[in-house]
Amino acid sequence: MSRVGRVERVTKETSVLVEIDLDGSGKVEVSTGVGFYDHMLDQLGRHGLFDLTVKTEGDLHIDSHHTIEDTALALGAAFKQALGDKVGIYRFGNCTVPLDESLAQVTVDLSGRPYLVHTEPEKMAPMIGEYDTTMTRHILESFVAQAQIALHVHVPYGRNAHHIVECQFKALARALRYASERDPRAAGILPSTKGAL
Ligand SMILES: [Mn+2]
């Protein structure tokens with residue numbers, strides 16, 4: 001059974017299409033109009049081994065906020081759709097990824113309940129190209145709300161803004177991959193004692 005999600009989200013501010021295949025090979029085609037964000041979504045697909053298509057046309061004449069946020073919402077919804085009934089998956093995943101001087105620690109529970117805990121260095125360059133670095137938390141909040149997962153992301157230290165953000169996306173990708181992969185010892189088993197996830 002294929003585990004794919006497809007979400008189209010159209011408002012007066014943005015038009016977003018996301019397609020994700022959880023059992024892919026990291027084939028990514030992303031265009032949001034925000035270069036650094038494309039680079040981060042590329043990390044997500046590549047290191048998650050998800051096949052990922054993202055096409056967003058947003059109101060970039062205002063700024064990149066709606067474009068970035070609405071893409072994250074659609075991505076979360078598509079991820080949830082692709083997970084399906086969650087039978088036979090690992091459910092939990094974690095990964096720690098360094099990027100030179102920066103470190104990201106990500107832990108995820110595909111719990112069906114949205115919760116985000118996020119810490120990163122307060123002192124960081126405000127912009128990376130057109131990407132406002134305060135959007136990282138907003139992306140994670142938006143993704144978590146739609147994917148309905150518990151997500152803890154910590155950057156205990158880091159200095160370069162590009163590194164600080166990129167290591168979070170890499171660790172997120174790998175943690176989501178581990179949590180969503182099929183556990184060969186748990187075929188047909190829902191990883192929950194309460195009978196629902
Ligand atoms: Mn917002």
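These are my notebook entries on a predicted model, covering its metal site, some strands and helices, and a few salt bridges.

**Ground rules**

I am working with a predicted model, in which local features need pLDDT of at least 70 and side-chain atom pairs count only at pLDDT 80 or more, while totals for chains, interfaces and linings use all residues. I number residues from 1 along each chain as its sequence is written, and side-chain values use heavy atoms, with hydrogens and water left out.

**Entry 1: the manganese site**

I began with the metal. Which residues coordinate the manganese ion? I found H65 (NE2), E69 (OE) and H138 (NE2), at 2.1 to 2.3 Å. Donors here are N, O and S atoms within 2.8 Å of the metal (3.2 Å for Na, K and Ca); water is not among the atoms, so sites may look incomplete. Along the sequence, the donor residues follow the spacing H-x3-E-x68-H.

H65 and E69 sit in helix α2 (residues 65–83), 4 residues apart, which is about one turn of the helix. I take helices (H or I, at least four residues) and strands (E, at least two) as DSSP runs, numbered from the N terminus. I also noted the general rule: an α-helix has 3.6 residues a turn, so residues three or four places apart point the same way.

Is H65 buried or exposed? Neither, quite: its relative accessibility is 29%, so H65 counts as partly exposed. My cut-offs are under 20% relative accessible area for buried, over 50% for exposed, and partly exposed in between (1.4 Å probe, protein chains only).

**Entry 2: helix α2 as a whole**

I checked the length of α2 next. Its 19 residues reach 27 Å from first C-alpha to last, close to the 27 Å expected at 1.5 Å a residue. The expected span is 1.5 Å times one less than the number of residues. In α2, 15 of the 19 residues are buried, so the helix is largely enclosed by the rest of the structure. G84 follows α2 and has a positive phi, near 60 degrees.

**Entry 3: strands β5, β6 and β10**

I then moved to the strands, where two count as paired if DSSP finds at least two bridges between them. Strand β5 (residues 92–99) runs antiparallel to β6, with 8 bridges joining them. Among these pairings, V97 has A104 as its partner in β6, and G93 has V108. The hairpin of β5 and β6 has 2 residues between the strands, and D100 there takes a positive phi near 50 degrees.

How are the two faces of β5 divided? The covered face holds G93, C95, V97 and L99, and the uncovered one F92, N94, T96 and P98. That fits on the page beside the general rule that side chains in a regular strand alternate between the two faces of the sheet.

β6 also pairs with strand β10 (residues 150–157), antiparallel over 6 bridges; V106 has V153 as its bridge partner in β10. Why do I call β6 (residues 102–109) largely enclosed? Because 6 of its 8 residues are buried.

**Entry 4: salt bridges**

I count 9 salt bridges in the structure, each a side-chain nitrogen of Lys or Arg within 4 Å of a carboxyl oxygen of Asp or Glu.

One of them joins D23 and R3 at 2.9 Å, N to O. D23 is in the loop between β2 (14–21) and β3 (28–31) and R3 in the segment before β1 (4–10), so the pair ties together parts 20 residues apart in sequence. D23 is partly exposed at 39% relative accessibility, whereas R3 is buried at 4%.

R91 and D109 form another, at 2.7 Å, N to O. This pair links distant parts of the chain, with R91 in the loop between α2 and β5 and D109 in strand β6, 18 residues apart. Both R91 and D109 are buried.

K170 and E166 form a third entry in my list, their closest N and O atoms being 2.9 Å apart. They are 4 residues apart in helix α4, about one helical turn, and both are buried. I also noted that salt bridges sharing partners join R3, D23 and R182 into one network.

**Entry 5: helix α4**

Last, I looked at α4 (residues 161–180) itself. Its 20 residues should span 28 Å at 1.5 Å a residue, and the end C-alpha atoms are 29 Å apart, which agrees. α4 is mostly covered, with 17 of its 20 residues buried. What caps its N-terminal end? N160 does, with a side-chain oxygen 3.0 Å from the backbone nitrogen of H162.

Note on methods:
Polar contact = N/O pair within 3.5 Å; in protein donor to acceptor, adjacent residues only side chain to side chain.
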